[in-house]
Structures are given as structure tokens and as C-alpha cells.
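Here are a few exercises to work through with the model open beside you. Try each task before you read its solution.

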Amino acid sequence: MEKKRVLWLDIAKALGILVVLLVHTGKSLGPVTFFGGMFYMPVFFILAGMTFRWKPEETFGSFVKKKARRLLLPYFGYNLFLFLFFFIKNDLLTGQAQAASFFPLLGILYSRNCLFPMNTTPNIYFMQILNAPTWFLTCMFVSYLVFWLLMRAAGGSRKKALYLNFGVLLAAVLLHYLCPVLLPWSLDCALYSVSFLLIGKIMADRELVESLYRKPWALILTAAAFAGLSWLNGSVNMSVADYGRSMILYLAVGSLGSLFVMELSLFLEKYTKKFAEALGFLGRHTLPVLCLHLFVYSMLGTVLRLAGILA
């Protein structure tokens with residue numbers, strides 16, 4: 001039986017992907033891109049945690065297969081399309097195919113934007129075929145598997161899961177500060193993101209979004225705390241393991257920002273029927289938007305330049 005979708009959850013996904021689209025235009029929109037950049041990745045992990053259902057009878061193998069179909073098949077499918085498109089366009093049709101033409105395949109397998117943290121010189125940049133955003137799919141896949149194992153070890157107990165998560169978070173922090181390279185499939189970031197999954201599950205179990213919505217003063221405090229802590233922590237980029245000034249502080253920043261976005265989503269569901277439905281549609285199709293928006297940007301740019309609209 002298909003699970004009934006909750007509209008405000010889809011709206012929150014839509015708001016997250018809209019910020020992704022804005023940030024990836026390369027244009028700075030001041031507070032919109034700064035504050036949006038604080039939650040646009042955590043919100044997807046937190047929402048995943050909110051919809052996660054622990055099933056004691058489910059085996060690890062069946063869970064892996066389910067998440068592989070949901071995340072890895074699209075990952076490799078979209079990346080294969082992008083590789084073939086640019087291989088044919090840039091190498092085959094120009095007669096310049098060589099060993100270096102297949103380097104993007106290594107990037108697809110490693111599934112990380114670069115080998116070393118950003119601003120490291122020299123660096124090796126893997127995802128060069130407009131596929132950089134797809135790192136998120138393998139990161140989410142690994143996060144899900146670790147989270148399932150965490151819940152299995154905790155026997156489904158939220159309290160035990162919290163204690164065990166301290167160990168997972170400690171491993172993420174140690175990897176971040178002691179490992180000189182960014183690990184394949186964002187293993188380091190995935191361990192960190194497990195905390196966001198757990199936060200999302202706790203929010204869902206306590207119906208925090210619905211209860212907070214009825215307390216305007218709490219919403220104001222949430223927004224104020226998010227703004228203040230964001231300013232204190234500084235800009236972030238989870239894809240290259242940049243968490244601002246503090247990994248722990250960013251857990252609070254990402255969670256508060258995501259919570260506020262979900263409250264906004266609940267408001268839009270209640271008071272903007274048509275607009276909410278449109279956002280809900282977008283929220284149900286964030287995966288192809290995430291994987292292909294840079295490619296679409298590039299195609300639009302080419303068309304506009306040919307039409308003389310862009311220089």
C-alpha cells in the first residue's frame with residue numbers, strides 16, 4: 001500500500017531545491033543565498049529522517065536494495081547520460097578521444113567534487129561534466145545505511161540511538177580533522193549527516209513541526225536563533241566538507257533553518273492552495289532537478305548566446 005504523501009514535506013523539499021537552483025546560478029543574492037545555503041542540504045537529510053520508518057523485520061539486505069533503487073540507479077543513470085553527452089560532443093565528434101576523456105568516469109565512481117578540501121593547491125577535481133550536485137545521492141545512500149545500522153543496534157530506541165550517535169558523530173569529526181582527503185561517496189560527510197537524520201526522526205516522533213506552528217513566539221525565537229548562529233558560524237558547503245567555524249554549531253544551524261523552512265511550508269499548505277500544490281509537485285520531483293539543473297543551465301546559456309541575448 002502506497003504511503004500517503006504529506007504536502008508540507010514536499011513543499012519543504014521544493015524550497016530546498018529552489019535555494020539549490022539559486023545558489024548554483026553563481027550569483028550572490030545576499031541574505032537569500034547566505035541563509036538559504038545554511039539549510040538547503042540539511043533539510044533533505046532531516047526530511048529523510050522524518051519519513052524513515054524502523055522495521056525490525058526488515059533485513060539489512062532488503063533495505064540496501066530499496067535505497068539502491070531509489071538513489072543509486074538514478075545516480076548512475078543520470079551520470080552515464082552526462083558522460084556520454086560530453087564524451088560524444090567534446091571527444092568523439094571532434095576526433096580528440098584519448099585516455100583523459102575517460103577521467104569523468106573516475107569522478108563518477110569516486111562521487112566527490114574534489115580529492116582535497118576546497119582551496120587546497122594543487123587539487124584534483126573529479127566531477128567536471130556538470131554532475132557535481134549528484135554527490136548528494138551517494139552521500140544520502142551511505143547515510144541511510146549507517147542510520148539503519150544505528151537504529152538496529154539501538155533496537156529502535158530513540159534514547160539508545162542518541163547515545164550511539166555520539167560515536168558516529170565523533171568518527172565524523174575525527175575524519176574531518178585528521179583525514180587529509182575527502183573520502184569517496186562522501187563517507188565522512190555521510191557519518192556527519194546521520195545526526196541530521198536522527199534529528200529528523202526525533203522531530204517526527206514528537207510532532208515538533210505541528211506543535212511549534214501553534215506557538216508564534218517560539219517561531220520568532222527559532223528564526224532569530226537561526227539567523228544569529230548562521231552569522232556566527234559563517235558560510236558552509238557540505239559537498240566539500242566545509243561546515244563553517246564549527247561542525248557542532250552547524251548541526252544547530254542546519255536544524256533550526258530546516259525547522260523554520262518546515263514551519264513556512266506548513267503555513268503555505270494551509271493558506272496558499274494553488275501555490276502549495278505547485279511547490280508540492282516540484283518537491284516530488286527534486287531528484288531529476290538536482291541531477292540535471294546544471295546541464296539545463298548550460299543548454300539555456302548556449303541557446304541564449306546563439307540568440308544574441310547573452311554575450
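**Exercise 1.** Is S186 buried or exposed?

*Solution.* Start with the ground rules: this is a predicted model, where local features need pLDDT of at least 70, side-chain atom pairs count only at pLDDT 80 or more, and totals for chains, interfaces and linings use all residues. Residues are numbered from 1 along each chain as its sequence is written, and side-chain values use heavy atoms, with hydrogens and water left out.

Step one: place the residue. S186 sits in the loop between α7 (158-178) and α8 (187-205); helices here are DSSP runs of H or I with at least four residues, strands are E runs of at least two, and both are numbered from the N terminus.

Step two: check its cover. S186 has a relative accessible area of 0%, so it is buried. (Buried is under 20% relative accessible area, exposed over 50%, partly exposed in between, with a 1.4 Å probe and protein chains only.)

Step three: look at the backbone. Phi of S186 is near 50°, a positive value, and the residue isn't a glycine.

**Exercise 2.** Find the other backbone oddities in the loops.

*Solution.* Go to the loop between α10 and α11, where you'll find A241. Its phi is positive too, about 60°, and again this is no glycine. A241 is buried, at 8% relative accessible area.

Now move to the loop between α5 and α6, which holds P122. The peptide bond joining T121 and P122 is cis, with omega about -5°.

**Exercise 3.** What surrounds T134 and Y110?

*Solution.* T134 first: this residue lies in the loop between α5 (103-110) and α6 (135-153). T134 is buried, with 0% relative accessible area. Skip neighbours within four places in sequence, and T134 is in contact (heavy atoms within 4.5 Å) with Y75, N79, M127 and C291.

Y110 next, in helix α5. At 17% relative accessible area, Y110 counts as buried. With the same four-place neighbours left out, the contacts of Y110 are L115, F126, L182, L183, P184 and W185. Y110 and W135 are 25 residues apart in sequence, while their C-alpha atoms are 9.2 Å apart.

**Exercise 4.** Which residues of α2 are buried, and what covers them?

*Solution.* Scan helix α2 (residues 31-39): the buried ones are T33, G36, G37, M38 and F39. Their cover includes α1 (7-23), α3 (42-51), α10 (216-233) and α11 (247-271).

**Exercise 5.** How many disulfides are there?

*Solution.* Apply the cut-off, a pair of cysteine sulfur atoms within 2.5 Å, and you get 0 disulfides. Take C189: its nearest cysteine sulfur, in C139, is 3.9 Å away, and C189 is in no disulfide. C189 is buried, with a relative accessible area of 0%. For C179, the closest cysteine sulfur belongs to C114 and is 13 Å away, too far for a bond. C179 is partly exposed, at 22% relative accessibility.

**Exercise 6.** Describe the overall fold and packing.

*Solution.* Count elements: there are 13 helices and 0 strands. Next, size: a compact globule of 311 residues would have a radius of gyration near 19 Å, and the protein's 20 Å agrees. (That radius is taken over C-alpha atoms, and the globule rule is 2.2 Å times the number of residues to the power 0.38.) The C-alpha atoms fill a box of roughly 60 × 45 × 45 Å along the principal axes.

Finally, packing: 47% of the 311 residues count as buried. Of the contacts with a separation of 6 or more, 74% come from residues 24 or more positions apart.
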